[in-house]
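Here are my notes on the model you sent round. Please read them with the structure open.

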Amino acid sequence: MLKVNNLNVYYGVIHALKGISFNVPEGKIITLIGSNGAGKSSTLKAIAGLVHTKGSIKFLGSEIVGTKTYTIVRKGIAKVPEGRKIFSNLTILENLRMGGFNREYNTLERGYDEVFDLFPILKERAKQLAGTLSGGEQQMLALGRALMSKPTLLMLDEPSLGLAPKIVSEVFGIIKRLNSNGMTILLVEQNAAQALKISDYGYVLENGKIILEDKSSNLITNEQVRKSYLGEI
Ligand SMILES: Nc1ncnc2c1ncn2[C@@H]1O[C@H](COP(=O)(O)OP(=O)(O)OP(=O)(O)O)[C@@H](O)[C@H]1O
Ligand SMILES: [Mg+2]
């Protein structure tokens with residue numbers, strides 16, 4: 001579904017991504033794990049058309065490098081950004097409306113209903129300013145906002161960051177459920193243990209390069225991964 005080949009991202013003199021290649025097959029959950037500054041967010045930003053990029057990114061067979069972000073969203077790729085980036089001074093409903101910018105006006109209500117089915121708490125708070133939500137609720141809103149664009153490929157940048165363990169399990173459960181309903185997922189996480197548990201295949205990113213890739217079930221037992229990313233000595 002998504003084929004990334006020899007992807008490079010530079011920020012001035014900083015060479016953040018040094019020619020990485022990976023695939024996201026339709027219907028799968030693929031994870032990119034790596035420590036701070038490895039280039040995880042840069043990878044998702046490159047796919048979303050948010051940073052200047054060299055190399056090739058093919059989505060459903062067509063090249064998207066150089067395409068505007070709103071066109072990429074229309075093609076079916078949505079991103080839940082690191083740190084949620086909700087619009088704090090807008091209501092929950094207005095945040096969802098922003099996410100659904102590409103929808104026909106008469107399908108907006110259906111979109112809200114689908115998000116509210118997934119996250120009933122957002123329905124209760126629909127008219128409340130988003131900045132008043134708890135961290136976990138804000139993550140759900142960020143997810144709901146992304147879903148409003150009806151993506152076929154959903155990218156999530158560290159959805160578990162800063163959340164209590166119970167909420168983290170809830171968020172990962174929802175990712176799994178979306179995938180069971182047919183959505184393809186590209187998940188970026190520092191929480192490698194949880195990400196590898198729910199994903200099919202994983203890539204390990206270090207200093208802008210992919211140093212290891214394998215089925216997630218193999219990465220969980222890989223000694224190097226256990227030492228560096230699963231907190232085992
Ligand atoms: N806007 C920017 N300007 C300059 N350098 C940047 C910019 N954004 C990222 N970088 C640098 O690019 C490299 C990769 O950053 P990136 O945010 O992609 O890493 P990450 O894996 O998402 O890290 P984290 O786990 O901290 O979120 C880092 O060295 C970072 O300092
Ligand atoms: Mg990041």
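The points below take the sheet, then the helices, then the ligand.

1. Status. This is a predicted model. Local features are described only where pLDDT is at least 70.

2. The sheet. Start with the strand order. 6 strands form an open sheet, ordered 6-7-8-3-9-10. Its pairing is mixed. Strand 6 (77-80) and strand 10 are the edge strands, and each pairs on one side only. On average, neighbouring strands of this sheet are turned by 15° against each other, direction ignored.

3. Strand 9. How many residues of strand 9 are buried? The count is 5 of the 6 in residues 201-206, so the strand is largely enclosed by the rest of the structure. Buried here means that 20 or more other C-beta atoms lie within 10 Å of the residue's own.

4. The partners of strand 9. Strand 3 (residues 29-33) runs parallel to strand 9, and 4 bridges join the two. Strand 10 (residues 209-215) pairs with strand 9 in the antiparallel sense, over 6 bridges. Tyr201 is a handy residue to click on. Ile30 stands opposite Tyr201. Lys215 in strand 10 also stands opposite Tyr201.

5. The hairpin. Strand 9 and strand 10 form a hairpin, with 2 residues between them. Check the backbone at Asn207. This turn residue has a positive phi of about 45°.

6. Strands 7 and 8. Which way do strand 7 and strand 8 run, parallel or antiparallel? Strand 7 (residues 153-157) and strand 8 (residues 184-189) run parallel, joined by 5 bridges. One pair to display is Leu156 with its bridge partner in strand 8, Leu187.

7. Side-chain direction. A general point helps when viewing any of these pairs. In a regular strand, side chains alternate between the two faces of the sheet.

8. Helices across the sheet. Helix 6 (residues 135-147) lies across strand 6 and strand 7. Its angle to strand 6 is about 170°. Helix 7 (residues 165-180) lies across strand 3, strand 7 and strand 8. Helix 7 runs at about 155° to strand 8.

9. The ligand shell. There are 13 residues around ligand 1. Tyr11, Ala16, Lys40, Ser41 and Ser42 come nearest. Strand 2 (14-24) and helix 1 (40-47) are the elements that give two or more residues to this shell. The largest share comes from helix 1, with 3 residues.

10. Shell chemistry. How do the shell residues around ligand 1 divide into nonpolar, polar and charged? The split is 4 nonpolar, 7 polar and 2 charged.

Technical notes: Residues are numbered from 1 along each chain as its sequence is written. Chains are lettered from A and ligands numbered from 1 in the order in which they are written. This is a predicted model: local features need pLDDT of at least 70, side-chain atom pairs count only at pLDDT 80 or more; totals for chains, interfaces and linings use all residues. A residue is near a molecule or strand if its C-beta atom, placed from the backbone, lies within 6 Å of it. Helices (H or I, at least four residues) and strands (E, at least two) are DSSP runs, numbered from the N terminus. Ala, Val, Leu, Ile, Met, Phe, Trp, Tyr, Cys and Pro count as nonpolar, Asp, Glu, Lys and Arg as charged, and the others, Gly among them, as polar. A residue is buried if 20 or more other C-beta atoms lie within 10 Å of its own, exposed if 12 or fewer, and partly exposed in between; C-beta atoms are placed from the backbone. Two strands pair if DSSP finds at least two bridges between them. Axes are lines fitted to C-alpha atoms, for helices over the stretch in contact, and angles run from 0 to 180 degrees between N-to-C directions. Two residues are in contact if their C-beta atoms, placed from the backbone, lie within 7 Å.
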